Amino acid sequence: MKYMVTLNGKQYEVEVEKGSVSAVAVGKAPSAPTAAPAAAPAAAPTPAAAPASAAPASGEVVSAPMPGTILDVRCTAGQAVKAGDVLFILEAMKMENEICAPHDGTVGSVSVQKGATVETGAALCTM
């Protein structure tokens, strides 16, 4: 996804690719080691592998990437979706963020409704 960012009066075009999450600490040196281990367990391959193997029973959880408010729910349980289809619109810091389907599949259940406030990692739906 491409974004236009203004920093100190200059505009920059930023391209963000789907991938792994890493934490970058700004400030004291001791904060960096604390932030890195906290992020590592959340992004560990083992939890990602568990939902994939349990896909037929419970499905993969689509979770909120950041805290915010659900502005729109664009999927329903049982709906067939393709990779990249917009499932939710999440408002965070006065920006609307599209939460898209990670792969082709069927929405198993929808866990939130329009107007709900969610935290980072909150389950939005299962696929």
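## Strands, sheets and a nonpolar surface patch

Valine 14 has its place in strand β2. In this predicted model, valine 14 is partly exposed, its relative accessible area being 33%. When neighbours within four places in sequence are set aside, the residues in contact with valine 14 are Met1, Lys2, Tyr3 and Val5. Methionine 1 and valine 14 are 13 residues apart along the chain, and their C-alpha atoms are separated by 8.3 Å. Methionine 1 itself lies in the segment before β1. With 54% relative accessibility, methionine 1 counts as exposed, because the cut-off for exposed is over 50%.

Both valine 14 and methionine 1 belong to a nonpolar patch on the surface. The other members of the patch are Tyr3, Val5, Leu7, Tyr12, Val16 and Met95. Together the patch residues have about 710 Å² of accessible area. At least two patch residues come from each of β1 (2-7) and β2 (10-15). The strand that gives the most is β1, with three residues.

**The protein as a whole**

The protein contains two helices and eleven strands. Read from the N terminus, the order of elements is β-β-α-α-β-β-β-β-β-β-β-β-β; two strands thus precede the helices, and the rest of the strands follow them. Of the 127 residues in the protein, 17% are buried. The exposed surface comes to about 8,800 Å², of which carbon and sulfur atoms supply 58%. Counting contacts between residues at least 6 apart in sequence, 49% join residues at least 24 apart.

**The four-stranded sheet**

One open sheet has four strands in the order β7-β6-β4-β10, with antiparallel pairing. Its edges are β7 and β10 (117-118); each has a single partner strand, so one side of each is left without a neighbour in the sheet.

Within this sheet, strand β6 (residues 86-92) is joined to β7 by six bridges, and the two run antiparallel. On the side of β4 (residues 68-73), four bridges join β4 to β6, again antiparallel. How enclosed is β6 by the rest of the structure? Five of its seven residues are buried, so β6 is largely enclosed.

β6 and β7 also form a hairpin, with two residues between them. In that turn, methionine 93 has a positive phi of about 55°.

**Asparagine 97 in the edge strand**

Asparagine 97 is a residue of strand β7 (residues 95-100). Is asparagine 97 buried or exposed? Its relative accessibility is 16%, so asparagine 97 counts as buried, the limit for buried being under 20%. The bridge partner of asparagine 97 is leucine 90. Leucine 90 is also among the residues that asparagine 97 touches beyond four places in sequence, together with Met66, Phe88, Ile89 and Ala92. A polar atom of the asparagine 97 side chain lies 3.3 Å from the backbone oxygen of methionine 95. Methionine 95 is in turn one of the residues of the nonpolar surface patch.

Phenylalanine 88, which asparagine 97 touches, has isoleucine 99 of β7 as its bridge partner. Isoleucine 89, another residue touched by asparagine 97, is the bridge partner of aspartate 72.

**The three-stranded sheet**

A further open sheet consists of three strands in the order β3-β11-β9, with antiparallel pairing. β3 (61-63) and β9 (109-110) are the edge strands, each pairing on one side only. β3 pairs with strand β11 (residues 123-126) over three bridges in the antiparallel sense.

The bridge partners named for the two sheets are set out below.

| Residue | Bridge partner | Strand of the partner |
|---|---|---|
| phenylalanine 88 | isoleucine 99 | β7 |
| leucine 90 | asparagine 97 | β7 |
| aspartate 72 | isoleucine 89 | β6 |
| valine 62 | cysteine 125 | β11 |

Key
Residues numbered from 1 in each chain as written. Predicted model: local features only at pLDDT ≥ 70, side-chain atom pairs only at ≥ 80, totals over all residues. Heavy atoms only, no water. Buried < 20%, exposed > 50% of the residue type's maximum accessible area, 1.4 Å probe, protein only. Contact = heavy atoms within 4.5 Å. Areas by Shrake-Rupley, 256 points an atom, 1.4 Å probe, with all protein chains shown as cover. Polar contact = N/O pair within 3.5 Å; in protein donor to acceptor, adjacent residues only side chain to side chain. Pairing = 2+ DSSP bridges. Patch = residues over 30% accessible without salt bridge, like charges linked within 9 Å, V, L, I, M, F, W, Y side chains within 5 Å. Salt bridge = Lys/Arg side-chain N within 4 Å of Asp/Glu carboxyl O.
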